[in-house]
Structure formats: structure tokens, C-alpha cells
Amino acid sequence: MDFIYLLQTLVPSSSSVAILFSYFLYLAIAVSLIPGKIVPGALLSDGSRLHYRCNGLVSLLLLIALLGFGVSIKLISPTVVADKGVELLSSTFVFSLLVSSVLYIVGQKSQDHGSSLKPHVTGNFIHDWWYGIQLNPQFMGVDLKFFFVRAGMMGWLLLNLSILARSFQDDNMSQSMVLYQLFAALYILDYFFYEEYMTSTWDIIAERLGFMLVFGDLVWIPFTFSIQGWWLLRNDVELTKAGIIANCLVFLIGYRVFRGANKQKHVFKKNPKAHIWGKPPKVIGGKLLASGYWGVARHCNYLGDLLLALSFSLPCGISSVVPYFYPLYLLILLIWRERRDEARCAEKYKEVWAEYCKIVPWRILPYAY
Ligand code: NDP
């Protein structure tokens, strides 16, 4: 009986499909209509650039205000997203499968020679479907890669807020829940505040759009990064004052390194002469930054992100490994990604990269790796 019930919940329900499409519709309208800073993307190999409208923060705040209004007039339930969690997960998963397949077919047929839409086909179906065929596919003028990552990050916050409402309704709000919610909300709001920095990240500049990114953005980010919240709905944790202070410190240090490193790289790409930590930057071969966090370790930004991920799980204590899913996954992902990025940079920058590696020998974790 339970098994049949589980199977039924895994089938996308019409209400979860309606929620998902209303959400995408709102985002598509917001992306196109709400004013925002237009940021030029990285220079592509054919000399062209995409331009991104960075209006994510306003779009998110407006969405929260609209949902809050809907809740206040009892039009929607504040726990609807948490209540329909499994159905929404299955609808989003099926949607990712469909979108990746459409991207595969459209990519295969493309005759475009520009860097954004030129098809990269290996002939291996699994590989091409998984990694994608085109760099920057669009739908009705909307850049899909930028759109999906935005949908995933906003979805994570909406899911968390709904979990928070459920915790409030169930009268089991805990310090742990407040800490997790606070850290995750700050991280997500900060992400949108600095959304323009996304335009120079690996996913946007180097990764093609296939199942890996579509699933990663739409399913993985919201549904697995919120595991701590789900877990805290059913588990009690006693936190000590010292534990809370240590947890806040891990968050603050992680944030400083993460935001500082990403900001330094972004600023350097725009203006290679801009001062880093109050001094002129050390630049290798006119192309690579070896000052600030980028002079402490290569991909020091990953270290900051790992500390942040840890800070999201520490409120759950150490009685279970389940809430540590996110930092453990991120550790594996970022070690793998660092290796792929090293290979890419070694090929792109050649002897300049080799010199950078000599000057900055540490990877992610200074003095250890
Ligand atoms: P980076 O932002 O580190 O970008 C890598 C690129 O930066 C390289 O390909 C190269 O590009 C350039 N670069 C590398 N070293 C230098 C240097 N010393 N000087 C100048 N340019 C350099 O990678 P990601 O996009 O992977 O990460 C961005 C952020 O997103 C990170 O903080 C990461 O932790 C986070 N992230 C989070 C994930 C999550 O699930 N929470 C998943 C993935 C990333 P170029 O060719 O332009 O020079």
C-alpha cells in the first residue's frame, strides 16, 4: 500500500505541473520586463559576447512579496511547496528530461556557426545529451543557461521558506532551523546581489547546456541543498552557545573567502590594474591574477564555498550524516571541477599557467593540497 502511495506521489500531479509552469512563466516575464544592469558576458571564441540582464534580486524580492500577499489573503498556503515537495521534485525531474532531449534535438539540427549556437557533436548520444551540444541556447530571446540557474537558486529559497512555514505551523521551530534558514537565505540573496559575477563563472562561460546543467540547476540545487531543512523538521538538535558561535564564525570566514575571491577575479577581468588588498595586483603574463586570494591558493573561492556549505549543515549537529549531504557532494564536485578547470586553463594559457602554478602551488586548500 505504502509502495503504491509512493509511486503515485512520484508521478507528476497536475497541481505540481501548474505550480512549476506558473513559476517559469513568472520568471520569464520578470527576466524580460524588470529593468536591470546589462552585463557583457565573456568574450567568446568567435569574438562575440552575450549580454545578461542582471535583475535577479528584484525579480526574487518581487516574487516573495507577491507570494506573501497571496498568503495574506489566503489565496495560497505558505506550506504548499513543502507539502508538495515530492510531486514537485518528480515534475521538475521529468521537465529536465524533456528539456534536455529537446536541447539535444535542436542542437543536432543547428546549422549555426557562431560560438553560442554552434553544435558540438561527438556522436555518442549519452555524452552529447548529458553535456549538451550548444553553449548558449536560447528560447524566445531568453538565455536558457542563465534562466535555469536562476530558477534553481530562487527555488531553493522558496522551498526553504515553505519548510520554515511548516516548522512554524508544526510548532517545532528550533535554533538550528533558524540558523540554517538564515545562512542559506543570506547566501542566496548575496548570490543575486552579485549576480553579475555569475557571468564569468565556469558554468556560464565553458559548460554547454545539457542534462547535467539542466538537472543540476532545476532539481539538484533546490531539492538537495534544502535537505538540512527537511531533516530539521523531523529531528531535534541541542546547540550550545559555543557551538552557535563557532557555526557563525565558519559561515563568516567562508563568506569572506568565497565572496572576496570571486569578487577579486571578477574585478581583475574588468580592470587588470585594479588594486587587490590595497596594492597593485601581481599579474602573470598579463592574464592571470596571483594576488589576493588567488595568490594564496588556486581556486581559493572553492574553499570559501566549502566552508559555507559546512556552515549550513553544522546547525544539524553530528548525530547523522544525512544533513552533511551538501558539503560532501560539494567537496567531490569542486575537486573534480578544479581538475577539469586546471586542464582547461593549462591548455588555454600554456606556459603562463605553468608559471602561475609555480608561484601559487596550492590548490583550494593552502599549505595542504
Ligand atoms: P571560477 O569562478 O573559479 O572560474 C574558473 C575560471 O576562472 C577559469 O576557467 C579561468 O577562466 C579563470 N581563472 C582561474 N584562475 C584564474 C586566475 N588566477 N586569474 C584570473 N582568472 C583565473 O569557477 P567556477 O565557475 O567553478 O566557480 C565560481 C563559484 O561558484 C565558486 O565560488 C564555486 O565555489 C561556486 N560553485 C558552487 C557550486 C555549488 O553547487 N554550490 C557549483 C559550482 C560552483 P578564464 O578562461 O576566463 O581566464
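**Entry 1: Arg259 and Asp190**

I looked up the burial of Arg259 and Asp190 in this predicted model. Both Arg259 and Asp190 are buried. I then checked the contact between these two residues and recorded a salt bridge, with 2.6 Å between the closest N and O atoms. The pair joins distant parts of the chain: Arg259 belongs to helix 12 (residues 241-270) and Asp190 to helix 8 (residues 175-193), with the two positions 69 residues apart.

**Entry 2: Arg340 and Glu207**

I next examined Arg340, which forms a salt bridge with Glu207; the closest N and O atoms lie 2.9 Å apart. This pair also connects distant parts of the chain, 133 residues apart. Arg340 sits in helix 15 (residues 325-349), whereas Glu207 lies in the loop between helix 9 (202-205) and helix 10 (211-225). I looked up the accessibility of each partner. Arg340 has a relative accessibility of 23% and therefore counts as partly exposed, the limit for buried being under 20%. Glu207 has a relative accessible area of 5%, so I entered Glu207 as buried.

**Entry 3: Arg298 and Glu342**

I turned to Arg298 and Glu342, whose side chains meet in a salt bridge at 2.8 Å, N to O. The two residues are 44 residues apart and link distant parts of the chain. Arg298 is found in the loop between helix 13 (293-296) and helix 14 (300-313), and Glu342 is found in helix 15. I noted that Arg298 and Glu342 are both buried.

**Entry 4: Total**

I finally looked up the total for the structure, which is nine salt bridges. Among them are Arg259 with Asp190, Arg340 with Glu207, and Arg298 with Glu342.

Note on methods: Residues numbered from 1 in each chain as written. Predicted model: local features only at pLDDT ≥ 70, side-chain atom pairs only at ≥ 80, totals over all residues. Heavy atoms only, no water. Salt bridge = Lys/Arg side-chain N within 4 Å of Asp/Glu carboxyl O. Helix = DSSP H or I, 4+ residues; strand = E, 2+ residues; numbered from the N terminus. Buried < 20%, exposed > 50% of the residue type's maximum accessible area, 1.4 Å probe, protein only.
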